[in-house]
Amino acid sequence: MRIISMKQVRDILVLHSIMKLSLRRIQGATNVAKSTISDYIKRFEKCGLSIKQINNLNDDELKLKLFAEISSIVLSKKAMPDYNYIHQEMKLRKKTKVTLYLLWEEYKESNPNGYQYTQFRLYYRRFKQKLNPSMRQTHLAGEKLFVDYSGLTMPIYNQKTGEKDTAQIFVAVLGASGYTFVHATHSQRQEDFIYSHVLCYNFFKGVPRVVVPDNLKSAIISNNKNGIVVNESYADLNRHYGIAVEPTRPRKPKDKPKAEQGVQAIQRYILARLRHHKFFSIDDLNIAISDLLDRYNNKIVKHLQKSRTELFGELDAPYLSPLPINNYVYKQFKIARVNQDYHITLEKCNYSVPFKYLKEQVEVRYSTNSVYICHKHKLIATHPRLRRAGETSTLHEHMPSSHQYINEKMNPKRLRSWARNIGEYSSLFVEDAFEEVKYKPNAYRKISAVLSLAKLYGNAQLELALMYATQMNTITTKSIKSILNKKLYLLKGINNIKSTDQQSLFNNHINIRGADEYK
C-alpha cells in the first residue's frame, strides 16, 4: 500500500469528521481514490483518536498510529544506524584514525540488509545538522566588527628588478550595516595586521564594542578547550580602543558570516576589477582600492533598497564609541631579566634600569622609536630605541654611586684630550665613534678600549694601526688589536700611505727609526 503525504491524510480526516462530506466529494476535493479514502477513515476510527488529538501529533507520530504495521515492516527491512554512537566515534577520529566508511562496514556486518554507504552518509549528515543547526545571526547596531584576510592576493612588481611580490588584503565589515573597509599590506605579520586596524577605526570614525578576528597568530595565540589566549600586542591595541576580542571557533566559518560574505564581495567587486592593472607599490594599490571601495559601499543593496553607507549612517555610526585622542602606536612585548650590569638586552642592544632591580624579571614594551621597561606593571625606565647591534643606552641615574663617579670621570672632553696626546688618527677615530651614536656615553667603552692599546703598543704603533684600519675600512676594536699583534701596518699599509701623511706622521715620533736602520 502506498501512503500519500500526511498533509493529504489530515485533510481527508478533517473533511470526513468535521465537514461530514461523502467519499465521492472527498475524492473530488483531494484527488485520492475512494478506496484509499475509505481505508484511511477506517484506520482513523480504529485508532480511537479525535481530530484535536491528531493535530497535536507530528507526521511521524501520526503515521505510526495509522500505519503501525507498515512502519514496522519498513523498520524491519532496514535498521537505522545508531548515529549517536557513530558521531562519538567520529569525534575521536584524530586519535583512533577511524573513518565513516569503516563505521559503515561495521554497520553492514551486523545489518546485511542495511543502507548502502551513500544513504548511510546522507542520514549522518542530516543527524549532524540537527545537532548543530545554522543560526541566523542578528547583529546589534555598533556592536561587532568582523575582520579577516582575503585568500586572494594582489601582485606588486618591483620596477627595477621585475620581481613579483604579493600584497595581502585586509577586510573589515561592521555587523549591522555591512559597511566595509579594505586595506592592502605587505604581509599578515602582527605589525601590518595592527596597522590595518588603526586605519580601519579611523575610516569608521569610531570603534565597535567587539572585534571578531579569525585565529591567525597575529591575533590569537591559542583557542581551545583550555581557553583563549590573545596575542599581547593585539590585546594592547584593543585595550587602547576599549574593545573586547571574541575570536571565532577554529574551523567554524559560520561564526563570522559577515566577514566571509564581505571577503567574497570584495574579491568580486574590487579585486576582480583590478586583475589587469599592474601595481608597483602598496600605496598605488591602496589608492585604487579606495576608489572602488567608495563605489562598493555606495552601491544599493537590492533586498534592502539602501546602500551600505546609508545603513552605516542609520545603524552603526550613532552607536560606535568615540576614537581616543591618539592613534595606537604599535608595540611589541617581551619578558626579560635584568643582567648583572643592571641592563636588559633587547634585539642585541642594551638598556639600563635602576640598579636595585638586578636579576628581577621585567616586561619590555617597545615601539619603532621607544623602549619602555616595566616591573610589576610600574614603569621604571624609558629609552630611545637603538638599532645597531651592541649599542647601549645607560642613564646616569640608574647607576650605583660608585659607577656614577667613574662615569663622570669618563666624558667626551677627557676622551678627546686623551686622543690628541696620542695623535691625529686617534682624534679622528674618537670623533667618528661619537658620530656613530646618538647618545655619546654609548661610545665610551669602544673609545676607551682602543685608546688603551697605546699603553701596550705605544702611541706611534697605535697611530699606524688606525691609519691602516682606516684604509682597509675595518675600524673595530677587534680588527685594530689584530693589526697591532700582526704588525700588518708594516707589511702592507705603509706602502699605501701618501708621502705627505708619511712625512708628518714619522716626524712627530722620534722613537721610530726608519727604513735606513734595516739595510
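Two strands count as paired if DSSP finds at least two bridges between them, and with that rule in hand I opened this predicted model at strands β13 and β17, which pair in the parallel sense over two bridges.

**Entry 1: the sheet around β17**

I followed the pairing outward and found an open sheet of three strands, in the order β12-β13-β17, with mixed pairing. I noted that β12 (343–346) and β17 (392–393) stand at the edges, and because each has a single partner strand, one side of each is left without a neighbour in the sheet. For a position where the two strands meet, I looked up Y351, whose bridge partner in β17 is S393.

I then took the residues of β17 in turn, beginning with T392, which lies in this strand. Is T392 buried or exposed? I have it down as buried, because its relative accessible area is 11% and the cut-off for buried is under 20%. The side chain of T392 makes a polar contact with the side chain of N350, at 3.4 Å. I also looked up T392 against S352: the two are 40 residues apart in sequence, and their C-alpha atoms are 8.0 Å apart in space.

S393, also in strand β17, is buried with a relative accessible area of 4%. Which side chain does the side chain of S393 touch in a polar contact? I found that of H383, at 2.7 Å.

**Entry 2: the β2–β3 hairpin**

I moved to strand β2 (residues 154–157), where the side chains alternate along the strand. M154 and I156 point to one face and are buried, whereas P155 and Y157 point to the other face and are not buried. Strand β3 (residues 164–174) runs antiparallel to β2, and four bridges join the two; at one position I looked up, P155 has T166 as its bridge partner in β3. Together β2 and β3 form a hairpin with six residues between them, and in the turn I noted G162, which has a positive phi of about 80 degrees.

**Entry 3: helix α11 and what follows**

Helix α11 has 15 residues and reaches 21 Å from its first C-alpha to its last, close to the 21 Å expected at 1.5 Å a residue. I listed its buried residues, among them F193, I194, H197, V198, C200, Y201 and F204. For the spacing of such positions I kept in mind that an α-helix has 3.6 residues a turn, so residues three or four places apart point the same way.

Just after α11, K205 takes a positive phi of about 60 degrees, and its place is in the loop between α11 (190–204) and β5 (210–212). I paused over this value, since most residues other than glycine have a negative phi. K205 counts as exposed because its relative accessibility is 71%, which is over the 50% cut-off.

I looked up a further positive phi at K359, which is not a glycine and has a value of about 70 degrees. K359 is found in the loop between β13 (349–352) and β14 (361–366), and at 49% relative accessibility I entered it as partly exposed.

**Entry 4: the nonpolar cores**

Which residues have the most contacts inside the largest nonpolar core? I found I447, L462 and I480, in a core of 28 residues. Helices α17 (412–422), α18 (424–435), α19 (444–451), α20 (453–457), α21 (459–472) and α22 (477–486) each supply at least two residues of this core, and α21 gives the most, with seven. I looked more closely at L462: leaving aside its neighbours within four places in sequence, its contacts are I422, S426, V450, L451, L453, A454, I480 and L484.

A second, separate core has 25 residues, including L145, C200, Y234 and Y328. C200 also appears among the buried residues of α11. As background I wrote that, in soluble globular proteins, nonpolar side chains tend to be buried together.

**Entry 5: the cysteines**

How many disulfides does a search of the whole structure find? My entry here is zero. I looked up the accessibility of two cysteines as well: C47 is partly exposed, with a relative accessible area of 26%, whereas C374 counts as buried at 5% relative accessibility.

Terms used: Residues are numbered from 1 along each chain as its sequence is written. Side-chain values use heavy atoms; hydrogens and water are left out. Buried means under 20% relative accessible area, exposed over 50%, partly exposed in between (1.4 Å probe, protein chains only). A polar contact is a pair of N or O atoms within 3.5 Å; within protein, one must be able to donate a hydrogen and the other to accept it, and residues adjacent in sequence count only if both atoms are side-chain atoms. A nonpolar core is a set of buried Ala, Val, Leu, Ile, Met, Phe, Trp, Tyr and Cys residues joined through side-chain atoms within 4.5 Å. Contact means heavy atoms within 4.5 Å. A disulfide is a pair of cysteine sulfur atoms within 2.5 Å. The expected span of a helix is 1.5 Å times one less than its number of residues.
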